Amino acid sequence: MRAQGPGFAIAMLALVVFGGALGYHWIEGWSFGRALYRTVLAITTVESPAASTLGGQVFTVVLLVAGVSGALYTFTLIATVVVEGGLPKRFDQRRRAHMLDTLHDHFVLCGYGRIGRIVAQQFLRQSVPFVVVDRDRARIDQATADGALTLQGDASDEDLLTRAGIARARGLIAVVGTDAENVYAVLSARVLRPDLFIVGRAATEDAGVKLKRAGANRVVSPYDIGGLQIAQTALRPAVVDFVELATSADSLDLAMEQITIAEKSGLINRSILDANLRQRFGVIVVGIQRSDLRMAFNPEPETIIGGGDKLVVLGRPESLRRLEMEAGGHGGTIA
């Protein structure tokens, strides 16, 4: 069994010092303070204790061998830990743990495979806070190298989800390796947070049904999305180009965003025309999702804005930020 480590080495050295002091106290009859002082001098090779008895002299030889060896081992191990980056790693671990404790309004990304990494890249580009949960050590190391906060473990583990800050999270995305793992992850998250927005990935139609039963608000099939994208690109390439431009994080001139209307906002109970959104903010209202989840596309200018509504708008990033401040909410998730 391996017990080596800085703590073990320091404890061993302290034991040698304490044992040496007790030995001199019993053999030579010195006071404990004098015995401790002489022991430290012996171990550091500054001065050899002047033992007056044969037993004391033999004990001094044993103490010198044990003490010097223990001191060299301890100092060598500590130096190795520092040189090999042990202390920086520990400081980095503490820093990350603190960041996890203070994280809020973030996403819990379960799984860092091909899809999970793409999701993470989009979050990083848009400065969206998130934490990656994956049981695979190599994937966790990759996510850390990519700049993400990480936790290694089973995404269905309620304790791990709690450590990931699910109580303060904005949403959870389940893109683990298998459909079964995604179902368990969604179920665990739903038990912990009945009001949490959850997106799950499904490889089959049956898995999609199970994910919804487990509590997923949205189920996405990469195969369905990919096939639909290919068909739309073939039939309507200009439309696809426009949507990609509007939703791409790399576009600096145009962005499509959703703005949640807070209950305290001055936009409540005003029509789109009366709020003068086009002239004041330079945005186009593409749709409105009501608080009861009904979606109104291309709303009329006389449409009244209500509290809790989500405006799907198109405009420049700076215009969207000003509208978000006016709305008093944030770019929430379409539920």
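# Exercises on a predicted fold

Strands β9 (residues 284–289) and β12 (residues 310–315) run antiparallel and are joined by five bridges. Helices (H or I, at least four residues) and strands (E, at least two) are DSSP runs, numbered from the N terminus. Two strands pair if DSSP finds at least two bridges between them.

The model is predicted: local features need pLDDT of at least 70, side-chain atom pairs count only at pLDDT 80 or more, and totals for chains, interfaces and linings use all residues. Residues are numbered from 1 along each chain as its sequence is written, and side-chain values use heavy atoms, with hydrogens and water left out.

**Exercise 1. Find the partners of Q289 in β12 and β10.**

Step 1. Take β12. Q289 stands opposite K310 there.
Step 2. Take β10 (residues 295–297). Three bridges join β10 to β9, and the two run antiparallel.
Step 3. Read off the residue. Q289 stands opposite M295 in β10.
Step 4. Check the turn. The hairpin of β9 and β10 has five residues between the strands, and L293 takes a positive phi near 80 degrees in it.

**Exercise 2. Trace the parallel strands from β3 to β5, through β2, β1 and β4.**

Step 1. Start with β3 (149–152). β3 pairs with β2 in the parallel sense over four bridges. Q152 is the bridge partner of D134.
Step 2. Move to β1 (residues 107–110). β1 and β2 are parallel, with four bridges. V108 has V131 as its bridge partner in β2.
Step 3. Go on to β4 (residues 171–174). Four bridges pair β4 with β1, again in the parallel sense. C110 is matched with A174.
Step 4. End at β5 (residues 197–201). β4 and β5 run parallel and share four bridges. L172 has I198 as its bridge partner.

**Exercise 3. Give the handedness of the crossovers through α8, α5 and α6.**

Step 1. Fix the test. A crossover is right-handed if, with the strands pointing away from the viewer, the path from the first strand over the helix to the second runs clockwise.
Step 2. Follow β1, helix α5 (residues 114–125) and β2. This β-α-β unit is right-handed.
Step 3. Follow β2, α6 and β3. This unit is right-handed too.
Step 4. Return to β4 and β5, where L172 is bridged to I198. The chain goes from β4 through helix α8 (residues 179–192) to β5, in a right-handed β-α-β crossover.
Step 5. Inspect the ends of α6 (residues 137–145). D136 caps its N-terminal end, with a side-chain oxygen 3.0 Å from the backbone nitrogen of A138. Just after α6, G147 has a positive phi of about 100 degrees.

**Exercise 4. Are the residues on the two faces of β4 buried or exposed?**

Step 1. Set the cut-offs. Buried means under 20% relative accessible area, exposed over 50%, partly exposed in between (1.4 Å probe, protein chains only).
Step 2. Sort the sides. G171 and I173 lie on one, L172 and A174 on the other, and all are buried.
Step 3. Repeat for β2. F130, V132 and D134 point one way, V131 and V133 the other, and all are buried.

**Exercise 5. Which residues touch the most other members of the largest nonpolar core?**

Step 1. Define the set. A nonpolar core is a set of buried Ala, Val, Leu, Ile, Met, Phe, Trp, Tyr and Cys residues joined through side-chain atoms within 4.5 Å.
Step 2. Name the residues. V108 and L172 touch the most other members of this 28-residue core.
Step 3. List the suppliers. β1, β2, β3, α7 (158–163), β4, α8 and α9 (205–214) each give at least two residues. α8 gives the most, with four.
Step 4. Look beyond this core. Apart from it lies another, of 18 residues, including A255, I261, I288 and L311.

**Exercise 6. Contrast the settings of N182 and R322.**

Step 1. Locate N182. This residue is in α8 and counts as buried because its relative accessible area is 0%.
Step 2. Check its side chain. One of its polar atoms lies 2.7 Å from the backbone nitrogen of V176.
Step 3. List contacts (heavy atoms within 4.5 Å). Not counting residues up to four places away in sequence, N182 touches A174, V175, V176, R201 and L211.
Step 4. Locate R322. This residue is in helix α14 (residues 317–327) and is partly exposed, at 40% relative accessibility.
Step 5. List its contacts. Leaving aside neighbours within four places in sequence, R322 is in contact with R280 and F281.

Methods: Polar contact = N/O pair within 3.5 Å; in protein donor to acceptor, adjacent residues only side chain to side chain.
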